[in-house]
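The following report goes through one predicted model, from single backbone positions to the contact between its chains. Please keep the sequence and the coordinates at hand while reading.

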Amino acid sequence: MVGIPPRKWAQGKPFSGFRSGLLLGLGAALILHQIGWWILDINTLVLLPILSGLLFAGRAWLGTPYR
Amino acid sequence: MRRLLVLTIFGALLLAIAVPAMAQEVTGGCNATVNGQTLDTLDAKHPLIIEKGDTVALTGSVPATASGGSESLTKIYVEVVGDIQLAEEPGTGEFWGGTVEIPELLTSLAPGVYKVKGTAEGSGWLCTGSAYVKIEGGPWTAATAIGAVAAVAGGIGAAAAIKPKKGQIFHEGPSGGGAPETPTKLVADAAVLLILLLLIYVIGNLDPSWVV
């Protein structure tokens, strides 16, 4: 009997994901400041990019699913 | 599945650090105004609108318990990743205050909403207050352009980082070669974007004083 093959995740590049997430977070912080969503402070200019970097590092670590 | 679970727990932890935003107020028993408006009305959603080159005048009265004629010292800051002191003005009598101009660097490169803080202290009393000001600058600014370039570059880089490292080829399928499972990948991508949007929402409502 041929069953469904197991899912395998091919890991991406977490450090590259972190750098890209950092850049994305900084860009989002500036754009959202310019449209009046928030002010520029330690949360938006430091905390958000770092958390965004960690988030995308996590996504890259998760990688791509294959079956 | 285990990796998805780890990512979900990570997202939940990010949200768990959120604390409610603190209200604007003047502390220390003083009354204070910015350009004639009381501070409690000038929150982030209803900032004081100023044009480039306009000044911000913070004035207030000393607490009723302070002795008349006493000396005071007013300091005014703008908050951008920490407090940048703009002015320090001494005063005497029952009123304190100071007038500042927002730095050219901010008004030219990144106009928008900023938090202006003030402290006034005298013999036996200390008052603090803050208000939001919006520097008018239009939607197309240097900061918008820099932000857009950074966001697009970051997005492209993040998408590229998800792709497998070279040499990772799976041969688990019945046909001898694995294929990307698009629906699962889309679910993972959507979860990450959802967490990012939640982060933006939560961080937009955080008071920076919980960090510094």
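Asn35(B) is found in the loop that joins β1 (31-34) to β2 (37-38) of chain B, where helices (H or I, at least four residues) and strands (E, at least two) are DSSP runs numbered from the N terminus. Its phi angle is near 45°, which is a positive value in a residue other than glycine. Asn35(B) is partly exposed, with 17 other C-beta atoms within 10 Å; a residue is called buried if 20 or more other C-beta atoms lie within 10 Å of its own, exposed if 12 or fewer, and partly exposed in between, with C-beta atoms placed from the backbone. Since this is a predicted model, local features need pLDDT of at least 70 and side-chain atom pairs count only at pLDDT 80 or more, whereas totals for chains, interfaces and linings use all residues. Residues are numbered from 1 along each chain as its sequence is written, and chains are lettered from A and ligands numbered from 1 in the order in which they are written.

A positive phi is also found at Val81(B), again near 45° in a residue other than glycine. Val81(B) has its place in the loop between β5 (71-79) and β6 (83-92) of chain B. The table sets out these two residues together with two residues that lie in regular elements.

| Residue | Place | Other C-beta atoms within 10 Å | Burial class |
|---|---|---|---|
| Asn35(B) | loop between β1 and β2 of chain B | 17 C-beta atoms | partly exposed |
| Val81(B) | loop between β5 and β6 of chain B | 14 C-beta atoms | partly exposed |
| Thr38(B) | strand β2 of chain B | 14 C-beta atoms | partly exposed |
| Ile31(A) | helix α1 of chain A | 18 C-beta atoms | partly exposed |

For Thr38(B), the C-alpha atom is separated by 9.5 Å from that of Val26(B), which is twelve residues apart from it along the chain. For Ile31(A), the C-alpha atom is separated by 37 Å from that of Lys8(A), at 23 residues along the chain.

Chain A has two helices and two strands, and from the N terminus on its elements run β-α-α-β. The radius of gyration of chain A, taken over C-alpha atoms, is 17 Å, well over the 11 Å that the globule rule gives for 67 residues, so chain A is more spread out than a compact globule; the globule rule is 2.2 Å times the number of residues to the power 0.38. Along the principal axes, the C-alpha atoms of chain A fill a box of roughly 60 × 20 × 15 Å. Buried residues nevertheless make up 63% of the 67 residues in chain A. The mean pLDDT of chain A (pLDDT being the predictor's confidence in each residue, from 0 to 100) is 89, and 96% of its residues reach 70 or more. Among the elements of chain A, strand β1 (residues 8-10) has the lowest mean pLDDT, 82, and α1(A) the highest, 94.

The contact between the chains takes 51 residues from chain A and 56 residues from chain B, two residues being in contact if their C-beta atoms, placed from the backbone, lie within 7 Å. On the side of chain B that touches chain A, α1 (2-16), β8 (113-122), α3 (142-162) and α4 (182-204) each supply at least two residues, and α3(B) gives the most, with 14 residues. By class, this side of chain B divides into 35 nonpolar, 13 polar and eight charged residues; here Ala, Val, Leu, Ile, Met, Phe, Trp, Tyr, Cys and Pro count as nonpolar, Asp, Glu, Lys and Arg as charged, and the others, Gly among them, as polar. Leaving aside its neighbours within four places in sequence, Ile31(A) is in contact with Thr144(B), Gly147(B), Ala148(B) and Ala151(B).

The largest nonpolar core (a set of buried Ala, Val, Leu, Ile, Met, Phe, Trp, Tyr and Cys residues joined through C-beta atoms within 7 Å) has 62 residues, and Ala131(B) and Val133(B) have the most contacts inside it. Helix α1 (residues 14-34) of chain A gives the most to this core, with nine residues. Domain 1 (2-19 + 140-210) and domain 2 (31-135) of chain B, with bounds from an automatic or database domain assignment, both give residues to this core, so the core lies between them. Not counting residues up to four places away in sequence, Val133(B) touches Pro47(B), Leu48(B), Ile50(B), Val56(B), Tyr114(B) and Val116(B). Between the domains themselves, four residues of domain 1 of chain B are in contact with four residues of domain 2 of chain B, and the domain 1 side has three nonpolar, one polar and no charged residues.
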